[in-house]
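Here is a short report on one protein chain and its ligand. Look over the sequence and the model before reading on.

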Amino acid sequence: EEQNRLAEERALELKKAKDELEEYSLQLQQSSQYKSDFLANMSHELRTPLNSILILSQMLMENGGMDQDEVEEYARVVNTAGGDLLRLIDDILDLSKIEAGKIEILTDEVNVTELPQTLKRLFDPVAAKKNVTFEVLTDANVPPVISTDGQRLQQILKNLLSNAFKFTEQGSVTVQIAVSPPEKAEQLRCSGPVLAISVADTGIGIPDDKQQIIFEAFQQVDGTTNRQYGGTGLGLSICREFTRLLGGVIEVESEVGKGSTFTLYIPSQLEPEPVVFTALEEV
Ligand code: ADP
């Protein structure tokens with residue numbers, strides 16, 4: 001009887017090991033699938049602007065009977081394509097720096113009252129091109145100055161707003177700057193107030209089962225090569241990593257066909273990294 005029991009135990013252990021191996025092999029397969037999807041999307045994203053640059057610059061060089069307006073128009077398209085390429089490469093660099101743990105966070109006094117103007121200046125032109133209104137609202141109790149990395153904060157908001165406009169054809173995009181309920185401060189183990197900055201759109205929305213994976217690198221709701229919206233699936237994973245470095249979290253609520261709201265929670269007083277870490281790293 002004792003032998004039977006041991007044999008059963010052993011069989012159970014073996015079954016568990018087999019399940020674990022299968023799970024692991026599935027994960028490996030998935031991760032290699034992500035990588036090949038990513039390379040396919042990335043090549044597509046690199047080729048599109050590069051093709052415009054090559055074709056249009058060729059036309060400009062030949063310049064057969066073009067008037068000044070045409071020359072300017074072509075030069076503008078070349079310039080935009082160059083900008084797209086630069087953004088893409090910056091995203092890849094950011095992500096690889098994050099993965100290597102090489103991103104530096106520079107804590108500084110950031111003037112929150114200036115944020116609406118900055119965002120309006122950047123995105124009013126985008127809103128004007130679409131049938132979409134754009135508003136930035138600030139609650140009265142928001143501290144006017146916070147201590148965080150302003151550059152990274154802007155990068156996160158720019159990514160969220162680019163997405164909001166990209167996936168919204170009509171209605172509105174609204175940024176709301178507020179102080180979060182105290183539970184959030186507890187969750188983030190913060191003594192001071194936690195800022196809640198939400199970016200709400202009335203766009204296509206995100207299905208429930210995709211709301212978590214879109215934060216993973218290379219993941220898109222529609223990742224097929226003939227998809228309607230461009231992009232590489234890097235923006236949100238960069239947002240999530242930067243938010244983590246700012247001591248915060250990012251959450252999404254969305255309904256297909258109605259719209260999405262991404263909310264960024266960040267401490268208003270980010271503790272600077274203790275100097276000892278830098279010193280240790282250099283050793
Ligand atoms: P990209 O926009 O380059 O595809 P992101 O990481 O920024 O990469 O976004 C990943 C995916 O999440 C998008 O491809 C899209 O499917 C979905 N998504 C992000 N933001 C929105 C939004 N505001 N509305 C609808 N879908 C969104």
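## Ligand contacts

A polar contact here is a pair of N or O atoms within 3.5 Å. The model is predicted, and the distances below should be read with that in mind.

Three contacts with ligand oxygen atoms can be listed under that cut-off. The side chain of N163 places an N or O atom 2.8 Å from an oxygen atom of the ligand. K166 also uses its side chain, with a polar atom 3.0 Å from a ligand oxygen. G235 uses its backbone: an N or O atom there lies 3.3 Å from an oxygen atom of the ligand. How much of the ligand does the protein bury? Taken alone, the ligand exposes 540 Å², and the protein buries 95% of that.

## The shell around the ligand

The ligand has 20 residues around it. Those that come nearest are N163, D201, Q220, T232 and L236. Sorted by class, the shell holds nine nonpolar residues, nine polar residues and two charged residues.

Which elements each supply at least two residues of this shell? They are helix α4 (150-166), helix α6 (235-245) and strand β7 (259-267). The largest share comes from α4, with three residues. N163 and K166, whose side chains contact the ligand, fall within the 150-166 range of α4. G235, the backbone contact, falls at the start of the 235-245 range of α6.

## Overall fold

The chain has seven helices and seven strands. From the N terminus, the order is α-α-β-α-β-β-α-β-α-β-α-β-β-α. Its radius of gyration is 24 Å, well over the 19 Å that the globule rule gives for 283 residues, so the chain is more spread out than a compact globule. The C-alpha trace spans about 95 × 50 × 50 Å along its principal axes.

## Helix α1 and its surface

Helix α1 covers residues 2-62. Y24 lies in this helix. Together with L21 and L28, Y24 forms a nonpolar patch on the surface. The accessible area of the three comes to about 340 Å².

Helix α1 also holds a charged pair. E13 and R10 form a salt bridge, and their closest N and O atoms are 3.3 Å apart. The two residues are separated by about one helical turn, because they are three residues apart in α1. Side chains of opposite charge can pair when their charged atoms come close. In total, the count comes to 14 salt bridges.

Conventions: Residues are numbered from 1 along each chain as its sequence is written. This is a predicted model: local features need pLDDT of at least 70, side-chain atom pairs count only at pLDDT 80 or more; totals for chains, interfaces and linings use all residues. Side-chain values use heavy atoms; hydrogens and water are left out. A residue is near a molecule or strand if one of its heavy atoms lies within 4 Å of it. A polar contact is a pair of N or O atoms within 3.5 Å; within protein, one must be able to donate a hydrogen and the other to accept it, and residues adjacent in sequence count only if both atoms are side-chain atoms. Accessible areas come from the Shrake-Rupley method with a 1.4 Å probe; for residues, only the protein chains shown count as cover. Helices (H or I, at least four residues) and strands (E, at least two) are DSSP runs, numbered from the N terminus. Ala, Val, Leu, Ile, Met, Phe, Trp, Tyr, Cys and Pro count as nonpolar, Asp, Glu, Lys and Arg as charged, and the others, Gly among them, as polar. Patches are made of residues with over 30% relative accessible area and no salt bridge: like charges are joined within 9 Å, nonpolar side chains (Val, Leu, Ile, Met, Phe, Trp, Tyr) within 5 Å. A salt bridge is a side-chain nitrogen of Lys or Arg within 4 Å of a carboxyl oxygen of Asp or Glu. The radius of gyration is taken over C-alpha atoms; the globule rule is 2.2 Å times the number of residues to the power 0.38.
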